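Visitor: I would like to go through this entry by question and answer. Please show it to me before we begin.

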Amino acid sequence: MSQLQARFFTENKRYVVDDVPFSIPAASEVEELSSVINQLLLAKDASHSKVDFDFLVRGQFLRTPLSFHMETEGISTEDVVEIEYMERVTAPEPEECMMHDDWISSVDADAEWILTGSYDKTARIWSVEGKPVMTVAGHTDVVKDVAWVKREGLTSLLLTASLDQTILMWEWNSERNKVKARHCCRGHTGSVDTIATDPTGSKFCSGSWDKMLKIWSAVPSDEADEVEGPPDRPRKKQKTQQLGLTRTPIMTLSGHNEAVSSVLWCDTEEICSASWDHTIRVWDVETGGMKTTLTGNKVFNSISYSPLCRRLASGSTDRHIRLWDPRTKDGSLVLLSLSSHTGWVTAVKWAPAHEHQLVSASLDNLVKLWDTRSCKAPLYDVAAHEDKVFCVDWTESALLLSGGADNKLYTYRYSACQTDAGA
Amino acid sequence: PEEDEDLSDSEDSVYSGLEDSGSDSEEDEEDGFFNVPGDVFHAVLNHYSGFCWVFLPTRLPRFFSKDMLMCPFLVLQDIRNTVGNIPMEWYRDFPHIGYDLDGKKIYKPIRNKDELDDFLDKMENPDYWRTVHDNQTGSVIVLSDEQVELVNRLQRGQFGDINFNEYQPSVEYFSSDVMIHPVTNRPEDKRSFIPSLVEKEKVSKLVHAIKMGWIKPRRVEDNSRGTFYDLWASEDSSILSKHRMHLPAPKIPLPGHNESYNPPPEYLFTDEERALWEQQDPSDRKLPYVPMKFSSLRQVPAFPRFIHERFERCLDLYLCPRQRKMRVNVNPEDLIPKLPKPKDLQPFPTVQSLVYRGHSSLIRSISVSPSGQWLASGSDDGTVRIWEVCSSRCMKTIQVGGAVKTVTWNPNPAVCLLAVALNSVVLILSPALADRQVVSSSERLLLGDQEAEAAEDTGAVWSEAEGEELNQGIRLKVHHPKAVHQVVWHAKGDYLASVMPDNSSHLQVLIHQLSRRRSQNPFRRNKGLVQCVSFHPVRPYFFVATQRSVRIYNLVKQEMTKKLQANSKWISSMAFYPVCGSVSLTVLIVLITCHLICRHHKKAVRGVAYHRVYPLFASASDDGSVIVCHGTVYNDLLQNPLIVPVKVLRGHVMTHDLGVLDVTFHPTQPWVFSSGADNTIRLFT
């Protein structure tokens with residue numbers, strides 16, 4: 001068996017080995033390399049306990065025998081191979097299972113609370129430990145998306161978007177556990193499928209089936225906006241019934257030819273929206289103009305942006321997750337395509353603290369944890385759901401959430417990014 | 001003249017050899033004279049090269065040698081050069097120009113004349129033209145008149161001697177005249193009398209070779225039998241054979257022994273063979289005649305079948321094929337037009353993405369809302385369900401109380417209404433799933449202005465739904481006298497047509513106007529069992545499909561425009577290509593659809609659907625598969641539409657021998673929905 005010259009290095013100070021080339025068997029796999037490193041570390045420090053490592057060769061995870069990997073990547077076997085190693089990301093461990101009355105359409109979690117939207121026309125607030133805290137009922141139809149706006153002490157602002165064409169802004173006091181509808185945002189003429197609050201928490205954007213994006217103020221006030229339009233009798237009647245004060249959009253962005261499926265804020269001035277018309281558009285909030293159009297060839301279900309790696313991930317109906325660079329001009333190419341799902345990808349989400357990791361949910365009942373450095377296969381498949389998965393989310397406190405058509409919201413504990421993020 | 005004589009003498013001596021050397025020596029006594037001819041010859045040499053020079057240098061020194069010894073002053077005078085016939089420029093760089101007879105150098109004369117002197121000389125000297133420069137000696141010679149004359153004669157090609165007559169009469173010894181005396185009186189040789197031994201030897205050798213057979217004597221051609229010509233021999237090389245496809249006429253086989261008047265006995269028939277021959281059918285016989293033996297040619301009777309045989313031969317020549325038939329040797333696969341690869345025709349649905357479960361019986365009809373957000377399905381379990389397309393969530397279930405035959409969404413995006421056909425009722429549903437304004441406008445449309453009952457007796461009764469049904473969204477009921485199989489909307493959304501197939505009545509199709517709650521029967525006569533009807537998506541045409549034909553009616557002119565015969569057994573469904581303008585084109589597509597489907601599906605076709613945007617159509621069949629085809633229609637009608645089956649979608653489970661019952665496309669995306677007998681609706685993307 002042939003041998004290869006390899007030099008190991010790591011960014012984690014705890015596991016540094018000598019910077020000398022080692023001769024290793026060409027056919028060695030991750031386990032063998034891992035044991036090599038462990039022995040080296042043990043020789044240096046007797047108190048070392050065994051750690052599983054993952055190996056990167058030229059920025060790609062090693063998943064096959066080393067020689068095969070180098071052959072496929074086109075790396076010369078004559079030179080000394082630089083192999084980076086890091087502690088292996090451990091599998092997400094299921095933690096809680098929160099039962100809902102109906103399908104879960106959306107989830108938004110922060111460090112303390114989890115907010116879910118459900119097809120039973122309510123939104124629910126849960127604690128991260130999995131205790132039901134509050135049911136927010138007020139919509140007349142399915143809640144399609146939920147979002148936290150901001151939290152000031154014990155009072156939180158949250159948003160729910162629904163198929164009944166409204167977005168409700170609620171104020172929730174966690175101490176008294178009271179929820180109060182502050183505003184009813186009217187203006188969309190189709191079901192509101194997606195909302196996103198801007199990083200400062202002063203505005204939010206909504207995308208709807210009526211092909212429009214609308215930007216609203218997220219600051220609660222005590223005055224109702226004037227509703228323009230023909231005053232008909234039925235509407236006035238409803239208006240008296242509605243919750244909260246009416247609010248109208250600050251700005252409407254039109255340009256999509258089909259329903260808007262996903263919207264997000266890249267930064268305070270830039271909105272990114274994905275649509276069924278096979279495009280992702282980047283908008284300027286100040287001017288209300290379109291900046292860039294990224295054109296795909298399938299319906300986009302979900303997008304996610306990572307400020308760490310400045311990449312846009314999109315999940316579409318053709319089972320692939322694609323990574324885009326939103327700053328490139330029109331006609332940009334797909335940077336990377338992650339394909340392992342067998343159904344529509346319904347949700348994608350970048351890790352909040354890791355520039356390479358993202359999680360995706362699909363109609364094939366699977367949640368997959370990906371690393372962009374290994375695009376052929378995901379890091380882990382999470383097969384907890386028994387039906388379609390509609391939403392995923394991460395929290396910075398090492399919690400991964402997914403909800404779907406089996407009425408269950410699962411939380412998983414994943415090996416938080418401290419080892420990697422710290423490195 | 002004296003000098004001339006000498007000159008000719010000297011030349012004579014040249015010609016006639018050394019005998020004349022004596023005469024030369026006689027004349028040598030006069031020094032100045034002898035010098036001249038050499039120079040003259042030298043001058044002549046320039047014109048007649050090779051003629052005189054051959055002998056001058058060789059002879060003269062020889063016959064001068066003794067004279068030179070005799071006369072010392074002559075030696076002084078004669079500065080004859082001995083270098084021979086060489087280019088004199090070889091001596092150009094030397095002070096001398098050669099060697100004299102004593103081997104002493106001959107020095108070049110001192111030249112003191114320049115070009116100017118030369119020119120002056122040329123102008124002034126009257127003898128300049130006869131002045132010659134001798135290259136060999138470097139001296140200048142002035143020719144005398146005689147010498148000039150000699151040069152002129154030689155130049156003219158005349159004999160040098162003036163007195164020589166080259167035309168003096170001659171005696172001819174050998175002439176045509178026969179002389180009485182022989183020319184010679186010499187007796188003949190003896191050898192002319194005796195035979196030649198050499199010839200004898202040669203002859204005996206030839207005789208021996210012939211005897212031994214080494215030499216064959218020339219064959220004598222025997223022409224006693226006359227000459228024969230092969231008529232056919234050169235035929236193939238005739239003009240006809242130049243035609244590539246020419247086929248030569250069949251030849252009569254040459255006669256054999258059995259046709260002889262005196263055949264060998266084995267060719268004669270035995271009694272058995274003869275009996276067999278007589279029993280056989282004339283066409284089965286090996287020979288058309290019986291071989292016969294005659295003792296002599298005189299006994300042979302006249303040939304009885306002569307006319308018959310000649311006639312047959314003429315027929316043969318007349319009927320035989322004269323041209324080789326070119327059989328086109330084509331690979332049948334080449335005749336199939338090149339179809340584009342399905343990969344290049346994307347997008348089209350390829351995989352099953354969503355399954356809509358909830359119905360408890362087979363689903364006969366599905367319809368997608370114009371916005372593409374909702375999917376309505378009607379099932380035999382008595383419910384109409386409305387699903388969210390993107391999540392396969394059942395949003396509404398409406399109990400209608402009967403097996404639903406057809407459910408169709410109103411194509412007008414400004415209203416949100418569903419038409420449901422079940423039993424003998426057409427229901428108008430308002431699912432209230434759209435914008436509030438759309439919902440209210442559709443409610444307004446339903447309220448309408450309730451006109452007084454139409455005078456026409458169509459049997460259709462309109463009524464409003466009440467109570468529980470109203471809560472479910474059912475707004476209007478149109479009771480028909482017979483079971484309704486199909487209901488279709490007009491593109492504007494106000495009219496709808498319902499079909500009550502009945503072979504025995506003219507009341508098969510009803511057209512309803514929703515806003516005025518009015519029904520009418522457009523046809524007075526029964527033209528066959530109506531299978532389905534359809535409105536043209538853009539133009540005022542109405543299509544009625546009976547079992548085997550499609551009739552097209554113009555709604556404005558109220559007349560039939562066209563009747564089309566389909567070559568399928570049973571038209572079960574119609575669909576329209578959305579963008580084409582003309583009616584003929586539209587129906588063309590319909591028929592092609594029928595035709596194509598007949599070929600690809602193993603069982604009956606239940607439904608066809610066209611995509612509104614993409615050039616796709618789908619057909620559903622009882623064999624449980626949905627075939628998606630890519631159809632390109634060209635603007636010029638001459639070009640056949642290109643239809644490529646791109647995908648067979650399977651997913652439905654066969655239940656009660658029924659597979660897929662209805663198929664429909666998503667209005668904006670290249671997705672196809674199919675409903676089956678297995679109680680599911682499937683979305684393929």
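Guide: The model is predicted. One span to begin with is residues 185-217 of chain A, which is 0% helix and 58% strand.

Visitor: How far apart are the end C-alpha atoms of residues 185-217 of chain A?

Guide: UniProt, in an unreviewed entry, lists residues 185-217 of chain A among the places of the feature "repeat: WD". In the model this span holds 58% strand and 0% helix. Its end C-alpha atoms lie apart by 10 Å.

Visitor: What is the strand content of residues 302-325 of chain A?

Guide: The unreviewed UniProt entry also places "repeat: WD" at residues 302-325 of chain A. The end C-alpha atoms of that span are 15 Å apart, and its helix content is 0%. The strand content is 67%.

Visitor: How many strands does chain A have as a whole?

Guide: Chain A has 423 residues, of which 56% count as buried. Its secondary structure includes four helices. The strands of chain A come to 34.

Visitor: Which kind of aromatic pair do Trp103(A) and Tyr119(A) form?

Guide: The search of the whole structure finds 23 aromatic pairs over all chains. For Trp103(A) and Tyr119(A), the centres are 5.4 Å apart and the planes make an angle of 65 degrees. Planes over 60 degrees apart count as edge-to-face, so the pair of Trp103(A) and Tyr119(A) is edge-to-face.

Visitor: How many residues apart in sequence are the parts that this pair ties together?

Guide: Trp103(A) is in the loop between strand 6 (93-99) and strand 7 (104-109) of chain A. Tyr119(A) is in the loop between strand 8 (113-118) and strand 9 (122-127) of chain A. Both Trp103(A) and Tyr119(A) are buried. Because of these positions, the pair ties together parts whose separation in sequence is 16 residues.

Visitor: Which residue has its charged end over the ring of Trp103(A)?

Guide: The ring of Trp103(A) also pairs with Tyr119(A). A charged end sits over the Trp103(A) ring, 5.1 Å from its centre. That charged end belongs to Arg393(B).

Visitor: Is Phe542(B) buried or exposed?

Guide: Phe542(B) forms a tilted aromatic pair with Phe535(B), at 4.9 Å centre to centre and 50 degrees between the planes. Phe535(B) has a relative accessible area of 7% and is buried. The relative accessibility of Phe542(B) is 1%. Buried means under 20%, so Phe542(B) counts as buried.

Technical notes
Residues numbered from 1 in each chain as written. Chains lettered and ligands numbered in written order. Predicted model: local features only at pLDDT ≥ 70, side-chain atom pairs only at ≥ 80, totals over all residues. Heavy atoms only, no water. UniProt positions renumbered as here; feature names shortened; annotations may be inferred. Helix = DSSP H or I, 4+ residues; strand = E, 2+ residues; numbered from the N terminus. Phe/Tyr/Trp six-rings, centres within 6.5 Å; stacked < 30°, edge-to-face > 60°. Buried < 20%, exposed > 50% of the residue type's maximum accessible area, 1.4 Å probe, protein only. Lys NZ or Arg CZ within 6 Å of the ring centre and 35° of its normal.
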